[in-house]
Amino acid sequence: MEIFLTYLKVFLVGGAVCATGQLLINKTRMTSARVLVTFLLAGALLEAVGLFGYIEEFGKAGITIPITGFGKSLAAGAIEGAKKGLYDACIGGLASVAAGLTAAIAFGFVIALISKSKPKST
Amino acid sequence: MDKKEYGELVKQATPKTKEGKTLLLAFAIGGIICMAGQGVSDALTALIPSFDEKTISALTGVVMIFIGSLLTGLGVYDKLGYYAGAGSVLPITGFANSIVSPAIEYNKEGIVFGLMAKMFSIAGPVIVSGVSASVAIGIVYYIIGLFA
């Protein structure tokens, strides 16, 4: 029962994040790149002011799987690095998302190489 | 009710219903993708209990990015995106899609200036803004730490 509740929360929080993004697209005709940047920065900012943890505790993957989680990792890495010194403060963000970025670039490259371009149909 | 009035009514009603549908679809599909992410995270935790929370979270991202890239390569993700809108864009699988989709499309223009360069047409702004923000946050926290 508890696991069901956890997944329900994940669904609700994740759904709310995505519906908010859709609302932005509908109301402002934002492109997907702008929406991604907006939510990434929102995630980073929430982590920087210390609020992200509360949402994450409740919504888990609902807030970390959307791009807000990517922003959170960037900010959290920088904050962690800042405890060690200026050098780590500057590189900590990128270091903490190294796995995800490497995966996106490497998988992206290989899969794009072997995939055939399909005509855009809806 | 004459034709003009009816036209006004249609104008008022149409975008709203459509908008409600896009919101609902974004909510449902976005929520489902996040639940899938939670599933991956829980599975990884059960499979490799020795990994700490941070590594599990990074690995979950890697797995989701792989799934997103693969589904894009198979041509499934862009079709899903037609219905899901932000529900497929915002999850990390959508970030993978934003890299693979233009890479496939521009592959014909050559590997270096087509595939490799166009990979970052959407991911580029995301990475630039994210990394810059993280540097700014790091410096601010470092300076605060000096006085605390």
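**A tour from B:F95 outwards**

Start by selecting B:F95 in this predicted model. Leaving aside residues up to four places away in sequence, B:F95 touches A:L36, A:I67, A:F70, A:A104, B:A123 and B:V126.

Next, colour the largest nonpolar core, which holds 67 residues. Which of its residues touch the most other members? They are A:L36, A:L40, B:A26 and B:F95, so your starting residue is back on the list. To see the biggest contributor to this core, pick helix 1 of chain B, which gives nine residues.

Now follow A:L36 into helix 2 of chain A, residues 32-48. From first C-alpha to last, this 17-residue helix reaches 24 Å, close to the 24 Å expected at 1.5 Å a residue. Is helix 2 of chain A mostly covered or mostly open? Mostly covered: twelve of its 17 residues are buried, among them A:L36, A:F39, A:L40, A:G43 and A:E47. Show what those buried residues pack against: in chain A, helix 1 (2-28), helix 3 (52-59) and helix 5 (67-82); in chain B, helix 4, helix 5 and helix 7. Step just past the end of helix 2 of chain A to find A:G50, with a positive phi of about 85°.

Finally, zoom out to the contact between the chains, made of 60 residues from chain A and 60 from chain B. On the chain B side, select helix 1 (3-47), helix 2 (53-73), helix 4 (86-89), helix 5 (92-105) and helix 7 (120-147), which each give two or more residues. Helix 7 of chain B has the largest share, 15 residues. Colour that side by class and you will find 37 nonpolar, 20 polar and three charged residues.

Methods. Residues are numbered from 1 along each chain as its sequence is written. Chains are lettered from A and ligands numbered from 1 in the order in which they are written. This is a predicted model: local features need pLDDT of at least 70, side-chain atom pairs count only at pLDDT 80 or more; totals for chains, interfaces and linings use all residues. Two residues are in contact if their C-beta atoms, placed from the backbone, lie within 7 Å. Helices (H or I, at least four residues) and strands (E, at least two) are DSSP runs, numbered from the N terminus. Ala, Val, Leu, Ile, Met, Phe, Trp, Tyr, Cys and Pro count as nonpolar, Asp, Glu, Lys and Arg as charged, and the others, Gly among them, as polar. A nonpolar core is a set of buried Ala, Val, Leu, Ile, Met, Phe, Trp, Tyr and Cys residues joined through C-beta atoms within 7 Å. A residue is buried if 20 or more other C-beta atoms lie within 10 Å of its own, exposed if 12 or fewer, and partly exposed in between; C-beta atoms are placed from the backbone. The expected span of a helix is 1.5 Å times one less than its number of residues.
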